[in-house]
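Let's walk through this structure together, one part at a time. Keep the sequence and the 3D view side by side as you read.

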Amino acid sequence: MKTAFAIAALAVALAGGHGTHHATAHKSSVAVGVAEREWGISSYRAKVKPGRVHFNVTNFGQDAHNLQIVGPHGYRSPVTADIHPHDHTVLSVTLRRQGVYRLICTKPGHVKLGMRATIRVKR
Ligand SMILES: [Cu+2]
C-alpha cells in the first residue's frame, strides 16, 4: 500500500513538474527539529527561508511544555497543546517576514528559566 501511494504521489509530482515549478514547491516548506527540556529550547536550524515551517517538537524533560513562535510586527503563532514528557508534536506555521523569531514555552516562568531560542528568517 505504501509503495502504491508513493508511486501515485510521484506521478502527480511528475505531471505537475514542468520546469522550475517542482523545485519551488520543495523550497517553500521546511522542517525544523526542536528539543525542549528543563530549562531550555534547542532549534536544530538557526535559519530558514520565508514560508511554511514545520516545527517538530520533542519534550525531553520531565514536565509538560509547549511551543509558540513570536516574531516581528507582532507575529504570534498559536500555542501548541501541552507536550508531555517524551511526547512529540508538530507546529506548522507560515513565517512570511524576514527577521528574528523567538521560540518560547508559555508556561508561567519558563521563559525566564531559559525556555527560549531564536531562529532567523532570511531569503
Ligand atoms: Cu516549559
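Before we begin, one term is needed: two strands count as paired if DSSP finds at least two bridges between them. Please also keep in mind that this is a predicted model.

With that in hand, start at strand β1, residues 29-37, which pairs with β2 in the antiparallel sense over 4 bridges. Within this pairing, Arg37 stands opposite Gly40 in β2. Follow the chain from one strand to the other and you will find 2 residues between them, β1 and β2 together forming a hairpin.

Now let the view widen to the sheet that holds this hairpin. The sheet is open and has 4 strands in the order β2-β1-β4-β6, with mixed pairing. Its edge strands are β2 (40-43) and β6 (88-95), each of which pairs on one side only. From one strand to the next, the twist averages 25 degrees. At the β6 side, strand β4 (residues 51-59) pairs with β6 in the antiparallel sense, over 8 bridges. To find your place there, look for Asn56, whose bridge partner in β6 is Val90. As you trace any of these strands, it helps to remember that side chains in a regular strand alternate between the two faces of the sheet.

Next comes the metal site. Which residues coordinate the copper ion? They are His65 and His110, each through ND1, Cys105 through SG and Met115 through SD, at 2.0 to 2.7 Å. Along the sequence, these donor residues follow the spacing H-x39-C-x4-H-x4-M. The angles among the 4 donor atoms run from 84 to 132 degrees, and the site is irregular. Why is it not called tetrahedral? That label requires all angles to lie between 85 and 135 degrees, and the range here begins at 84 degrees. Two of the donor residues, Cys105 and His110, are buried.

Finally, turn to the aromatic rings, where the structure holds 1 aromatic pair. The ring centres of Tyr75 and Tyr101 lie 5.8 Å apart and their planes meet at 70 degrees, so this pair is edge-to-face. It links distant parts of the chain: Tyr75 sits in the loop between β5 (68-70) and β6, while Tyr101 belongs to strand β7 (residues 99-104), 26 residues apart. Are the two partners buried or exposed? Tyr75 has 23% relative accessibility and therefore counts as partly exposed, whereas Tyr101, at 1%, counts as buried.

Notes:
Residues are numbered from 1 along each chain as its sequence is written. This is a predicted model: local features need pLDDT of at least 70, side-chain atom pairs count only at pLDDT 80 or more; totals for chains, interfaces and linings use all residues. Side-chain values use heavy atoms; hydrogens and water are left out. Donors are N, O and S atoms within 2.8 Å of the metal (3.2 Å for Na, K and Ca); water is not among the atoms, so sites may look incomplete. Four donors count as tetrahedral if all angles lie between 85 and 135 degrees; four count as square planar and six as octahedral if opposite donors are over 155 degrees apart and all others between 65 and 115; anything else is irregular. Buried means under 20% relative accessible area, exposed over 50%, partly exposed in between (1.4 Å probe, protein chains only). Axes are lines fitted to C-alpha atoms, for helices over the stretch in contact, and angles run from 0 to 180 degrees between N-to-C directions. Rings of Phe, Tyr and Trp (its six-membered ring) pair if their centres lie within 6.5 Å; planes under 30 degrees apart count as stacked, over 60 as edge-to-face and the rest as tilted.
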